[in-house]
Amino acid sequence: MQKVQRIPKILTKAFLGDPFMQWLFPGSDHSEKLEKWWIFITEANSANSNSRLDVDDKNTTAAIWEKPKFEIPTGNKKEEENESAFGQFLLGLVGDRINDVVEVLREVNAEHPKEPHWYLQAVGTDPSKQGQGKGAAMLKPVLEICDEQGLGAYLESSNPRNLSFYYRLGFEITKDLVLDQGKAQLTCMWRSPRSTQV
């Protein structure tokens with residue numbers, strides 16, 4: 001099975017109990033919509049040369065990173081087409097909640113640091129395999145790149161119970177985002193590069 005097929009299955013299982021995802025896709029069809037979300041996100045990143053997709057050989061843990069951008073995007077036709085495709089996809093999943101969801105996603109994107117950094121879009125481990133260090137092992141190669149190149153890493157934690165995991169990797173809270181009048185919340189976290197000098 002190809003990476004693009006394996007990653008959504010892992011992330012769907014990992015994010016089933018996630019508070020932000022439950023806000024995003026409430027209702028009895030939550031898991032079905034969640035899987036469609038991760039299929040779309042994985043395929044979009046797979047087609048993007050500025051993304052890095054990782055999955056372990058046991059199909060238990062996966063991560064999606066966006067590589068650093070060293071110039072300010074000027075907006076082009078391809079980007080506009082991608083945004084339009086995402087908008088149509090999102091409308092199909094959230095229906096008449098589209099305006100609230102788009103506003104939340106805009107608020108989230110506005111918090112991204114301006115300096116070049118690695119952005120962790122998602123990391124997840126199959127719940128039956130959590131607590132075994134698989135997530136940390138999955139993130140380690142990119143965090144080592146950050147340290148070697150003097151680059152920061154950024155993420156939004158969608159579940160408060162994951163904060164201690166990110167603390168151990170060197171991330172610190174920069175902001176708690178309270179969204180949609182308190183119905184959703186994300187924690188913005190930044191990791192400064194560590195010195196690689198011995």
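## A hairpin to start with

Let's begin at a turn: in the hairpin made by S1 and S2, five residues sit between the strands, and Asn 59 there takes a positive phi near 60 degrees. Keep in mind as you look around that this is a predicted model.

The two strands of the hairpin, S1 (residues 51–55) and S2, pair in the antiparallel sense over five bridges. To find one pairing yourself, look for Asp 54, whose bridge partner in S2 is Ala 63.

## Strand S2 and its surroundings

S2 also pairs with strand S3 (residues 117–125), again in the antiparallel sense, this time over six bridges. Here Ala 62 stands opposite Gly 124 of S3.

Is S2 buried or exposed? Six of its six residues (61–66) are buried, so the strand is largely enclosed by the rest of the structure. Both of its faces are covered: Thr 61, Ala 63 and Trp 65 are buried on one side, and Ala 62, Ile 64 and Glu 66 on the other.

## Salt bridges

The count of salt bridges comes to eight. One of them involves S2's own Glu 66, whose side chain meets that of Lys 69 at 3.0 Å, N to O. Glu 66 is buried, with a relative accessible area of 19%, whereas Lys 69 is partly exposed at 44%.

Another links Lys 36 and Glu 32 at 3.5 Å, N to O. These residues are four apart in helix H3 (residues 30–46), which means about one helical turn separates them. Lys 36 is partly exposed at 42% relative accessible area, and Glu 32 is partly exposed at 47%.

Helix H6 (residues 134–149) holds Glu 144 and Lys 140, four residues or about one turn apart. Their salt bridge has its closest N and O atoms 3.8 Å apart, and Glu 144 is partly exposed, at 37% relative accessibility.

How values were computed
Residues are numbered from 1 along each chain as its sequence is written. This is a predicted model: local features need pLDDT of at least 70, side-chain atom pairs count only at pLDDT 80 or more; totals for chains, interfaces and linings use all residues. Side-chain values use heavy atoms; hydrogens and water are left out. Buried means under 20% relative accessible area, exposed over 50%, partly exposed in between (1.4 Å probe, protein chains only). Two strands pair if DSSP finds at least two bridges between them. A salt bridge is a side-chain nitrogen of Lys or Arg within 4 Å of a carboxyl oxygen of Asp or Glu.
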